[in-house]
Amino acid sequence: MPSSPSLATQLQANFIASSQASSEAGSSRLTRGLSVSNQKAKGRTSQVWNHCSFPPDAIVHNARGKSIWQCKYCFTILQEKGGTGHMITHLREKCKINLQTSHEARIERYQQGIEESFRNVINQNSDYKRRRLNTTTYTESVDPSILEDLYVKWITSCGVSFNMVGREEFRSLLQYLNPGVDSWLPATGDTIQKWIMRKYALYKSSIIDDIQNSLSKIHITVDLWTSGNYKSILGVVGHYIATDGQLKHNVLGVRELEGDHSGENQAKVVIAVILDF
Ligand SMILES: [Zn+2]
């Protein structure tokens with residue numbers, strides 16, 4: 001069975017470019033005994049596949065039937081086995097491609113999250129008075145405003161309980177990672193709740209600014225569903241073009257709908273949300 005023409009064509013073009021090609025047009029059998037499988041590869045997420053002479057989902061075998069990866073710059077062939085480390089090494093050292101390992105990419109994403117918190121904290125002028133609970137020599141390495149921003153982001157997106165902060169096991173883990181953290185973390189979930197409400201107020205006011213300065217009309221979408229505890233919840237999302245020209249989507253409200261599900265009843269909730277902004 002021949003493979004899809006576009007893939008075969010692309011592969012052949014690459015092999016011709018490698019100056020040793022003499023592939024048969026229209027055939028799935030390529031030079032140097034390479035062949036394209038009819039099956040598609042799944043889950044090839046490594047960036048090395050962006051630097052491969054064939055598409056990430058194509059499975060190409062060498063003459064011995066082993067699946068291979070081929071550098072799209074120098075056409076070197078490496079066997080696809082035992083991960084992608086040898087391909088990364090090849091791309092970096094032989095073809096001078098500036099690649100990150102998945103570990104480096106992950107660290108960079110964390111760093112971006114932390115930098116975002118720095119920007120948030122600067123924009124929000126959160127110069128709250130804070131009580132330092134005790135003194136350790138390490139405390140200086142933790143900025144309490146950043147800690148608060150990151151903590152709130154974490155617990156609100158990961159469904160973590162307010163009371164987690166009081167759990168000894170959790171605090172031991174943090175203590176191990178950075179002994180300076182403990183003195184800035186509240187003892188109870190009540191304070192965490194206050195942190196969240198404070199962040200909510202800050203983010204809400206920035207969204208209000210954003211919406212009031214928007215370059216477009218505000219388009220509203222509404223969705224009604226039932227929560228795990230059987231409440232009817234109405235979600236209201238605003239879509240608009242912000243001052244930077246970017247299309248934005250922001251959740252404006254997640255409100256409980258009391259009474260029937262009629263349009264009229266839902267409209268009351270939607271109007272209340274709109275007036276809030
Ligand atoms: Zn190469």
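## Basis of the strand description

Two strands are taken to pair if DSSP finds at least two bridges between them. In this predicted model, strand β2 (residues 58-61) and β3 are joined in the antiparallel sense over two bridges. One bridge partner is identified by residue: H61 is matched with S67 in β3.

## The four-stranded sheet

Strands β2 and β3 belong to an open sheet of four strands, arranged in the order β1-β2-β3-β4 with antiparallel pairing. The edge positions are held by β1 (35-40) and β4, each of which has a single partner strand, so one side of each is left without a neighbour in the sheet. Direction ignored, neighbouring strands of this sheet are turned by 50° against each other on average.

Helix α2 lies across β3 and β4. The helix runs at about 160° to β4.

## The zinc site

The zinc ion is coordinated by three cysteine SG atoms, from C71, C74 and C95, and by NE2 of H90, at 2.1 to 2.3 Å. Angles among the four donor atoms span 96 to 122°, and the site is tetrahedral. Along the chain, the donors follow the spacing C-x2-C-x15-H-x4-C.

Two of these donors connect separate elements: C74 lies in the loop between β3 (67-70) and β4 (77-79), whereas H90 lies in helix α2 (residues 85-93), so the pair ties together parts that are 16 residues apart in sequence. The two residues also have differing burial classes. C74 has a relative accessibility of 34% and therefore counts as partly exposed, while H90 is buried, with a relative accessible area of 9%.

## Strands β5, β6 and β7

Strand β6 (residues 232-241) pairs with a strand on either side in sequence. Strand β5 (residues 219-226) and β6 are antiparallel and share eight bridges, and nine bridges join β6 to strand β7 (residues 247-256), again in the antiparallel sense. Residue L234 of β6 illustrates both pairings: L224 stands opposite L234, and L234 in turn stands opposite R255 in β7. Strand β6 is mostly covered, with eight of its 10 residues buried.

Both connections are hairpins. Five residues separate β5 from β6, and Y230 in that turn has a positive phi of about 60°. Five residues likewise lie between β6 and β7, where G245 in the turn has a positive phi of about 85°.

Notes
Residues numbered from 1 in each chain as written. Predicted model: local features only at pLDDT ≥ 70, side-chain atom pairs only at ≥ 80, totals over all residues. Heavy atoms only, no water. Donors = N, O, S within 2.8 Å, 3.2 Å for Na, K, Ca; no water. Tetrahedral: all angles 85-135°; square planar, octahedral: opposite > 155°, others 65-115°. Buried < 20%, exposed > 50% of the residue type's maximum accessible area, 1.4 Å probe, protein only. Axes fitted to C-alpha atoms, helices over the stretch in contact; angles between N-to-C directions. Contact = heavy atoms within 4.5 Å.
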